[in-house]
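Student: Please guide me through this structure by question and answer, with the reasoning behind each reply.

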Amino acid sequence: MLALLPRWSDWRPGLAAPGADLLSGVIVALVALPLALGFGISSGLGAAAGLATAVVAGAVAAVFGGSRFQVSGPTGAMTVVLVPIAHQHGPAAVLTVGLLAGVVLVGLAIAGAGRAVRYVPAPVVEGFTAGIAVVIALQQFPAALGVTGSHGDKVWQTAFDALRQFVSAPTAAAPATALVVAAVVLAGGRFVPRLPLALIAVAAATLTARTTHLSLTAIGALPSGLQAPTLDFLHPGQLSALVGPALAVAALAALESLLSATAADAMTVGTRYDPNRELLGQGLANIAAPLFGGVPATGAIARTAVNVRSGARTRLAALTHAVVLAGIVYLAAPLVAEIPVAALAGVLLATTVRMVETASLTAIARASRGDAAIMAVTFLVTVAFDLVTAVAVGVGIAILLALRAVAGEARLHRIPLDSPTPPDPEPVADQAPPADEQSLLHDHIIAYRLDGPLFFAAAHRFLLELADIGDVQIVVLRMSHLTALDTTGALVLKDAIGKLEHRHITVLMSGLRPDHERRLAALDALPTGDGNHLFTHTPDAIADARRRIRHAVQVRSR
């Protein structure tokens, strides 16, 4: 547990030379302000909730997190999960879910579960990232079209309803504002990425709306500080209905934060984040944010990338970003409250475009049909249902395809008896039989080498192949190349050996690993009969098979 706590070494370099971190923190705050406002509105709890999350969660995660570059706050992926929670259970449920998810994340950190993110396949990550981008874009349709009161159980249904209302009574101000802001943000990101053009574009849209009296809905009243609001958490008896959503939020917070921290390490040289500390930081951040009316938070890849590219050196930059946002809330809340929601919708629309890496999508689609299918299914489930379901489905399909590929590597090879047997150490020389006995021995002995894994996905194919062996007297199974053997594989092998022995065919084994031998012995799946049936080296087993055949011939000739 002590290894998860903050260390003085995390802060010493930044405090010794704070200039680069302070400047980077200011730049990130200017980029984060419109995003925090927009994601707060998209979540259903309002712009103030987004700001509270960016300040409180950003500060707590900066202190306790495991990455020196990570910037945390409200994100588009999280709003996708929060919208149905707010719709079904109300704003109080979002706050309660945030607290529960924070507790779950702290438990995962203590349990050391942070390294599990490495097992999420790349096609799943790319698929849900593209799906999130589409969902966030659909969420902006009402604000971007200047429509209020659109309805739908799913985000695409709400977007369609907003489009229907707009077509019936079109207005130009809101769509024009959203499109111009989005275009400025996209152009700025390409040509002048260091400038906070999102904030500049939003400020210009706000000024234009005030001076020309455009009919644009503004954010509305914001608190003039971060004083804790009156919180309406759910009654303990209602918590059972939120366990599932809380686990979904915790899973998303863990996944997105760890992936963001991994990407930050990839953009720098010689840095490595601590995944379990990162989970602890995100857990504490999600416990703290709801106490100030904030929504659940995660590590934000876009703001983290800006932090790295702005020259951040330590976690002081992320903490500075939170402090600057708090100052804006205290000093400029009336101005921020006048920002048109259409302008924020334009910022988020531009963000969705920049979220999608077309080169990565194209590369994965070309890699294999299986990867393309995983990515496509994850994308579609994300848009149609929700992110957690999409990740579960995508990982499930990836596991099935991986099992199929691994099972396809399992082989049953026949070993020629008259050729040198491959590398079993220290082979025992067997005296070659006379020429007139050679064909007799070959007609009665057959040797196979089992390659690869023998587990539930491939075991029954082995049963069919072994059970189909012709009319011989002895079967030698070389087991040294068997890489894996599960209980299903052992039981199927037992069945195959039993069928052979029922036909009075003797089964010998060579090169059996100790762990495989123990599993087979526990299931009573080892060959039976007279004499020794287990051999260290394959030549020894073949020599014993020849001895048995000669002995049987001698007995019959008497």
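Student: In which helix is the place of A187?

Tutor: This is a predicted model, in which local features need pLDDT of at least 70, side-chain atom pairs count only at pLDDT 80 or more, and totals for chains, interfaces and linings use all residues. Residues are numbered from 1 along each chain as its sequence is written, and side-chain values use heavy atoms, with hydrogens and water left out. Helices (DSSP runs of H or I, at least four residues) and strands (E, at least two) are numbered from the N terminus. On that numbering, A187 is placed in helix α9.

Student: What relative accessible area does A187 have?

Tutor: Buried means under 20% relative accessible area, exposed means over 50%, and partly exposed lies in between (1.4 Å probe, protein chains only). A187 counts as partly exposed because its relative accessible area is 35%.

Student: How far apart are the C-alpha atoms of A187 and A350?

Tutor: Along the chain, 163 residues separate A187 from A350. In space, the distance between their C-alpha atoms is 9.6 Å.

Student: T177 also lies in helix α9; which residues is T177 in contact with, leaving aside its neighbours within four places in sequence?

Tutor: T177 is buried, because its relative accessibility is 11%. Contact means heavy atoms within 4.5 Å. With neighbours within four places in sequence left aside, the contacts of T177 are A205, L216, A342 and A343.

Student: Which residues form a nonpolar patch with L195?

Tutor: L195 lies in the loop between α9 (173–191) and α10 (197–212), and it is partly exposed because its relative accessible area is 48%. A patch is made of residues with over 30% relative accessible area and no salt bridge, joining like charges within 9 Å or nonpolar side chains (Val, Leu, Ile, Met, Phe, Trp, Tyr) within 5 Å. Together the members of this surface patch have about 310 Å² of accessible area (Shrake-Rupley method, 1.4 Å probe, only the protein chains shown counting as cover for residues). The partners of L195 are F191 and V192.

Student: With which residue does D161 form a salt bridge?

Tutor: A salt bridge is a side-chain nitrogen of Lys or Arg within 4 Å of a carboxyl oxygen of Asp or Glu. D161 is buried, because its relative accessibility is 11%, whereas its partner is partly exposed at 48%. Both residues lie in helix α8, 3 residues apart, about one turn of the helix. With the closest N and O atoms 2.5 Å apart, the partner of D161 is R164.

Student: Which residues are linked with D544 in a network of salt bridges?

Tutor: In helix α23 (residues 538–557), D544 lies 3 residues, about one turn, from R547. The closest N and O atoms of this pair are 2.8 Å apart. D544 is buried because its relative accessible area is 13%, while R547 is partly exposed at 45%. The residues linked with D544 in the network are R547 and R548.

Student: How many salt bridges does the structure hold?

Tutor: Another example joins the side chains of R449 and D451, at 2.9 Å from N to O. R449 is buried because its relative accessible area is 17%, and D451 is buried because its value is 13%. The number of salt bridges in the structure is 6.

Student: Which helices do the buried residues of α17 pack against?

Tutor: The expected span of a helix is 1.5 Å times one less than its number of residues. For the 16 residues of α17 (residues 369–384) this gives 22 Å, which agrees with end C-alpha atoms 22 Å apart. Its buried residues are I374, M375, T378, V381, T382 and V383. They pack against α6 (122–139), α8 (155–168), α16 (358–367) and α18 (387–408).

Student: Which helix gives the most residues to the largest nonpolar core?

Tutor: A nonpolar core is a set of buried Ala, Val, Leu, Ile, Met, Phe, Trp, Tyr and Cys residues joined through side-chain atoms within 4.5 Å. The largest has 86 residues, and L37, I85, F128, V249, L325 and L387 touch the most other members. With 10 residues (the helix covers 19–43), the greatest contributor to this core is helix α2.

Student: What percentage of the residues in the protein chain are buried?

Tutor: The protein chain has 23 helices and 8 strands. Of its 558 residues, the buried share is 50%.
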